[in-house]
Amino acid sequence: MVKHAILLADKEWCEAASSGRARVYHFIRPRRRGIHALGKGSVCVVVTKPKPGQPQIVYGEFTVTDVAEVGASEYNRLAVEGLIYKPETLKPGERRWVIFFDEFREYGVKPRKDELTDVKTSTSKKPISEWVIIGLTYIDDQALEGIRRKAGGPRPPITRIDELEERVSRLEELMGVSELALPITHECAELMLLSIGRQLGFKVYTADPSKSCGDTSLGSLASMSRDDLSKYVGPKVLDPLSKIDVVWHREGVGFYLFEVVVRGGMQDALLRLSSVGELNAKMFIVSSESRKSEYETSIGLPAFNAIRDKCTFISIGELARMFILTNLWKRSIEPLQLPHIGR
């Protein structure tokens with residue numbers, strides 16, 4: 001019969017595990033007894049550690065994939081790989097029991113432990129609400145199903161992208177990005193483009209290095225100068241290319257060109273893109289959604305036949321969404337200091 005368990009953890013650990021930043025549960029102190037009763041397929045229900053004046057919360061659960069007692073070198077390797085949230089520093093010769101899992105399933109309803117008044121194991125006389133849980137406490141299928149019933153079961157599994165999309169939607173709602181009521185300046189739109197390009201691995205150029213968005217100069221984000229552009233294009237194309245608001249380039253991928261239209265003329269921006277029409281590049285006009293019909297009318301003119309199939313319209317709202325999503329994605333794989341954006 002498979003054994004299950006209730007474990008204690010800080011709320012911060014629960015949040016880290018729920019967001020994928022922890023894949024190992026580790027015991028802070030050495031255990032005198034092993035935990036061999038747990039094995040692959042066991043379910044561990046995680047309850048928050050008691051704090052003065054605050055109830056313990058049944059936060060979620062995970063399914064065990066492996067259990068092991070590891071030495072300092074193996075523990076440190078797991079820490080370096082980012083599988084352990086807030087790891088300790090073990091000395092040579094020290095050992096810790098760890099529990100591996102693939103996914104932490106946060107409960108949709110998080111009951112208090114003292115609400116589990118009708119949840120028992122098949123052999124216990126007292127309900128779990130009266131138990132004193134220290135470190136690890138074993139439970140059986142009956143108790144596990146009782147906890148799940150109180151919690152309404154785990155939330156449906158979500159992928160990493162689903163999670164980011166959910167966070168983006170919340171940020172959009174808070175920021176008003178979807179309809180973008182706040183006035184975005186030409187310079188701040190360029191800053192977002194430069195930041196996105198850098199994070200996606202492109203070299204980036206701006207025609208406006210002396211300008212700034214808030215406290216951040218555009219030149220500080222640029223990784224290419226006019227001289228760098230000259231390494232990829234001839235003198236005939238270099239001059240008009242250097243006047244494009246933002247340029248991305250990567251070897252083997254090519255050029256991405258962006259013209260930002262906030263107060264300027266739509267056709268003027270299209271003319272600047274047309275001046276480098278012979279370049280094999282993807283082109284974008286970035287402007288407010290209210291000017292999309294103006295773009296569609298302008299791009300349909302005979303003067304822009306050469307770039308019509310190369311050019312795409314991006315609204316300021318879409319750009320802000322891409323900026324948020326790219327930064328959330330980047331933060332999910334490595335720490336990143338974002339530039340401050342001001343009006």
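1. A residue counts as buried when its relative accessible area is under 20%, as exposed when that area is over 50%, and as partly exposed in between. Keep this in mind as you look at the model, which is a predicted one. Strand E12 is a good place to try the idea out: six of its seven residues are buried, so E12 is largely enclosed by the rest of the structure.

2. Which strands does E12 pair with? On one side of the story is E11, which runs parallel to E12 and is joined to it by seven bridges. If you want to find this pairing on screen, look for Phe 255, which stands opposite Ala 281 in E12. E12 also pairs with E13, again in the parallel sense, over five bridges. Here a handy landmark is Ser 287, whose bridge partner in E13 is Ser 315.

3. Now have a look at E13 itself, which covers residues 311-315. Four of its five residues are buried, so this strand is largely enclosed by the rest of the structure.

4. Next come the aromatic rings. A pair of aromatic rings is described by the distance of the centres and the angle of the planes. A search of the whole structure turns up 15 aromatic pairs. One of them is formed by Tyr 256 and Phe 284, with 6.2 Å from centre to centre and 5° between the planes, and it is stacked. This pair links distant parts of the chain: Tyr 256 belongs to strand E11 (residues 254-261) and Phe 284 to strand E12 (residues 281-287), 28 residues apart. Tyr 256 and Phe 284 are both buried.

5. Phe 284 has a further ring partner to show you. Its ring and that of Phe 258 have centres 4.9 Å apart and planes at 15°, so this pair is stacked as well. Since Phe 258 lies in strand E11 and Phe 284 in strand E12, the pair ties together parts that are 26 residues apart in sequence. Phe 258 is buried, as is Phe 284.

6. Elsewhere, ring pairs join several residues into a cluster: Trp 13, Tyr 25, Phe 27, Tyr 59, Phe 62, Phe 101 and Phe 104. Tyr 59 is worth a second look, as the charged end of Lys 110 sits over its ring, 5.0 Å from the ring centre. A similar thing to look for is Arg 250, which lies over the face of Phe 202 at 4.5 Å from the ring centre.

7. Let's turn to strand E3. Six of its six residues are buried, so E3 is largely enclosed by the rest of the structure. Both of its faces are covered, with Val 43, Val 45 and Val 47 buried on one side and Cys 44, Val 46 and Thr 48 buried on the other. Is Thr 48 buried or exposed by the numbers? At 8% relative accessibility, Thr 48 counts as buried. The C-alpha atom of Thr 48 is 9.2 Å from that of Glu 12, although 36 residues separate them along the chain.

8. What are the neighbours of E3 in the pairing? E1 and E3 pair in the parallel sense over five bridges, and the bridge partner of Ala 5 in E3 is Cys 44. E3 and E4, by contrast, run antiparallel and are joined by five bridges. Val 47 stands opposite Val 58 in E4.

9. Two loop residues also deserve a visit. Ile 57 lies in the loop between E3 and strand E4 (58-71), and with a relative accessible area of 22% it is partly exposed. The C-alpha atoms of Ile 57 and Arg 112 are separated by 4.5 Å, while the residues are 55 apart along the chain. Lys 86 is in the loop between helix H2 (72-80) and strand E5 (95-106), and at 60% relative accessibility it counts as exposed. Most residues other than glycine have a negative phi. Lys 86 has a positive phi, near 50°.

10. Finally, find the second largest pocket, with a volume of about 520 Å³. Its lining has 18 residues, and Leu 8, Tyr 25, His 26, Ile 28 and Lys 49 lie nearest its centre. Strand E1 (4-9), helix H1 (11-18) and strand E2 (24-26) each supply at least two lining residues. By class, the lining has nine nonpolar, two polar and seven charged residues.

Terms used
Residues numbered from 1 in each chain as written. Predicted model: local features only at pLDDT ≥ 70, side-chain atom pairs only at ≥ 80, totals over all residues. Heavy atoms only, no water. Phe/Tyr/Trp six-rings, centres within 6.5 Å; stacked < 30°, edge-to-face > 60°. Buried < 20%, exposed > 50% of the residue type's maximum accessible area, 1.4 Å probe, protein only. Lys NZ or Arg CZ within 6 Å of the ring centre and 35° of its normal. 1 Å grid on protein atoms, 1.4 Å probe; cavity = no way out; pocket = protein on both sides within 12 Å on 5 of 7 lines; lining within 4 Å. Points joined across faces, edges and corners; volume = space filled by probe spheres on them. Nonpolar A, V, L, I, M, F, W, Y, C, P; charged D, E, K, R; others polar. Pairing = 2+ DSSP bridges.
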